[in-house]
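Please look over the sequence and the model below before reading on. The report then takes up ring pairs, the nonpolar core, the surface and charged pairs.

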Amino acid sequence: MEEKNVNQTAPEQAKASTNTDTNPLNIDTVETPACNAVPTVAVSERKLKRIGKMTTKTVAYTSVMTALVFVGTIIGYSSDAFYFNLGDSVILICAALFNPVSAMLAGGLGAFFGDLTVYPATMVFTLIIKSVEGLLAGILFTLINKWYDKKIASADKQNKKENKRLYALKIVFSCLASLLSVTVMMLGYFMCQTLFYGTLSAALVALPFDFAQGAISLAIANLALYALKLDGFRFKLKIKL
């Protein structure tokens, strides 16, 4: 035995020494090919990069729309009996172009800071009411846009009559979605005014003015979206619903 160990070649001694050092307990190990982990890491990095890009874009768009809602809220027509602003119109446009969360944040925060500047007494109520209005409008417009995109993609591009019919239906659905959203806004302010004035009859006096605010906002938003073709920016900005 001693003679065999003496005559053992150097490579064999090195191999034996390595096996003894790295696996002293003689536990069997299974090597995992390194190539299996590379595609997973690469896909994950691409996905994270894409999500990060979309998140940054969404935050930027939401911030811009919040600023526009703020400006639209503080700029308007005011008299002793009536006050109108463009805030609701901007909220509806934001809901049609972006996603429900962006519309909710832009509507709530933009109108909140607008009320903080113009009439702070209602700013907390406005934050809740406009957030709900933006969220509801965003959900409805998202459903409308998805329905229209699916229909127009499967429609015959040469059939102009059918394409016009689909576009007209989209406008009708958008007007109905806007009407429902501003109705929620009106009901919210009606409850707010009931608390402020203390009586239901006093709140009813202000209801027609809220109706006028909603009706004018609805008309301006849909004219801007479809007559001025602002709806087309949804594709130029590559916004995913």
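Rings of Phe, Tyr and Trp (its six-membered ring) are taken as a pair if their centres lie within 6.5 Å, and planes under 30 degrees apart count as stacked, those over 60 as edge-to-face and the rest as tilted. The model is predicted, so that local features need pLDDT of at least 70 and side-chain atom pairs count only at pLDDT 80 or more, while totals for chains, interfaces and linings use all residues. Residues are numbered from 1 along each chain as its sequence is written, and side-chain values use heavy atoms, with hydrogens and water left out.

**Aromatic pairs**

A search of the whole structure finds six aromatic pairs. In one of them, the ring centres of Phe112 and Phe113 are 5.2 Å apart and the planes stand at 75°, so this pair is edge-to-face. For accessibility, buried means under 20% relative accessible area, exposed over 50% and partly exposed in between, with a 1.4 Å probe and protein chains only. Phe112 is buried at 17%, whereas Phe113 is partly exposed at 40%. The rings of Trp147 and Phe173 also form an edge-to-face pair, with centres 5.3 Å apart and planes at 75°. This pair links distant parts of the chain, since Trp147 is in helix H6 (residues 123-154) and Phe173 is in helix H7 (residues 160-197), 26 residues apart; helices are DSSP runs (H or I) of at least four residues, numbered from the N terminus. In addition, Tyr148, Tyr167 and Tyr226 are linked into a cluster by ring pairs.

**Nonpolar core and surface**

A nonpolar core is a set of buried Ala, Val, Leu, Ile, Met, Phe, Trp, Tyr and Cys residues joined through side-chain atoms within 4.5 Å. The largest one has 28 residues, and those that touch the most other members are Met65, Val69, Ile93, Cys94, Phe141, Met185 and Leu225. At least two residues of this core come from each of helix H3 (37-74), helix H4 (87-97), helix H5 (100-118), H6, H7 and H8, and the largest share, eight residues, is supplied by H4.

On the surface, Phe196 in helix H7 is partly exposed at 38% relative accessibility.

**Salt bridges**

A salt bridge is a side-chain nitrogen of Lys or Arg within 4 Å of a carboxyl oxygen of Asp or Glu. A search of the whole structure finds five of them, including those in the table.

| Salt bridge | Closest N to O distance |
|---|---|
| Glu162 and Arg165 | 2.8 Å |
| Lys170 and Asp231 | 2.6 Å |
| Asp231 and Arg234 | 4.0 Å |

Glu162 and Arg165 both lie in helix H7, three residues apart, which is about one turn of the helix. Glu162 is partly exposed, with a relative accessible area of 27%, and Arg165 is also partly exposed, at 45%. Lys170, by contrast, lies in helix H7 and Asp231 in the loop between H8 and H9, so their salt bridge ties together parts that are 61 residues apart in sequence. Lys170 and Asp231 are both buried, and Arg234 is buried as well. Through shared partners, salt bridges join Asp149, Lys170, Asp231 and Arg234 into one network.

**A backbone detail**

Most residues other than glycine have a negative phi. Lys229, although not a glycine, has a positive phi of about 65°, and Lys229 lies in the loop between helix H8 (200-227) and helix H9 (233-236).
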